[in-house]
Amino acid sequence: MEVHRQTCQICGSRKVRNLLVREPNKHDEVLVECMECRELVARYIIAKGGYYHHAKGYESYLRGLTRDGDFMNSKIMKGEYLEIKENCEKSFAEIKKHLKEVGKDD
Ligand SMILES: [Zn+2]
């Protein structure tokens with residue numbers, strides 16, 4: 001497993017925040033802002049149907065898919081949603097464990 005913690009290349013800070021940007025007919029994107037020097041750190045483009053916001057629930061997930069214009073996918077079974085949720089939780093727990101093992105959990 002390879003896990004990278006986002007680091008500002010300008011000032012070396014790891015204090016960053018995600019700015020979720022939504023515009024019609026474009027993929028959602030995340031701009032990562034350094035909270036120390038306030039510069040742009042990185043950009044991520046979110047694949048269609050790829051956004052999952054933990055603890056926001058099934059209805060929110062469906063709204064996200066519909067917003068992507070993916071009406072077929074909006075019929076996703078709740079079981080599939082629960083699988084995504086479970087996988088994210090499992091992955092997050094593994095990543096936290098891994099970071100602790102390599103001494104990067106600060
Ligand atoms: Zn910075």
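A residue is called exposed here if 12 or fewer other C-beta atoms lie within 10 Å of its own, and buried if 20 or more do. With that yardstick in hand, the structure, which is a predicted model, can be walked through piece by piece.

Helix 1 is a good place to try the yardstick out. On one side of this helix, Glu59, Ser60 and Thr66 come out as exposed. The buried residues of helix 1, which spans residues 58-67, are Tyr61, Gly64 and Leu65. Looking down the axis of helix 1, these buried residues fall within an arc of 95°, so they line one face of the helix. A bit of helix geometry helps here: an α-helix has 3.6 residues a turn, so residues three or four places apart point the same way. And what do the buried residues of helix 1 pack against? Their partner is helix 2, residues 78-101.

Next comes the sheet. It is an open one, built from 3 strands in the order 1-2-3, with antiparallel pairing. Strand 1 (16-21) and strand 3 (40-45) sit at the edges with a single partner strand each, so one side of each has no neighbour in the sheet. On average, and ignoring direction, neighbouring strands of this sheet are turned by 20° against each other. As for what holds such an arrangement together, strands of a sheet pair through backbone hydrogen bonds, either parallel or antiparallel. Strand 2, residues 29-34, pairs with strand 3 in the antiparallel sense over 5 bridges. Take glutamate 33 as a case: its bridge partner in strand 3 is leucine 40.

Strand 3 also holds tyrosine 44. Is tyrosine 44 buried, exposed or partly exposed? It has 15 C-beta neighbours inside 10 Å, a count that falls between the cut-offs of 12 and 20, so tyrosine 44 is partly exposed. Leaving out residues up to four places away in sequence, tyrosine 44 touches Glu29 and Val30. Arginine 67 is 23 residues from tyrosine 44 along the chain, and 18 Å separate the C-alpha atoms of the two.

Finally, there is the overall layout. According to the domain assignment, the chain has domain 1 (1-46) and domain 2 (48-106). The centres of the two domains, taken over C-alpha atoms, are 19 Å apart. How many residues are in contact between domain 1 and domain 2? On the domain 1 side there are 6, and these meet 7 residues of domain 2. Sorted by class, the domain 1 side of this contact has 3 nonpolar, 1 polar and 2 charged residues.

How values were computed:
Residues numbered from 1 in each chain as written. Predicted model: local features only at pLDDT ≥ 70, side-chain atom pairs only at ≥ 80, totals over all residues. Domains from an automatic or database assignment. Contact = placed C-beta atoms within 7 Å. Nonpolar A, V, L, I, M, F, W, Y, C, P; charged D, E, K, R; others polar. Helix = DSSP H or I, 4+ residues; strand = E, 2+ residues; numbered from the N terminus. Arc of directions from axis to C-beta. Pairing = 2+ DSSP bridges. Axes fitted to C-alpha atoms, helices over the stretch in contact; angles between N-to-C directions.
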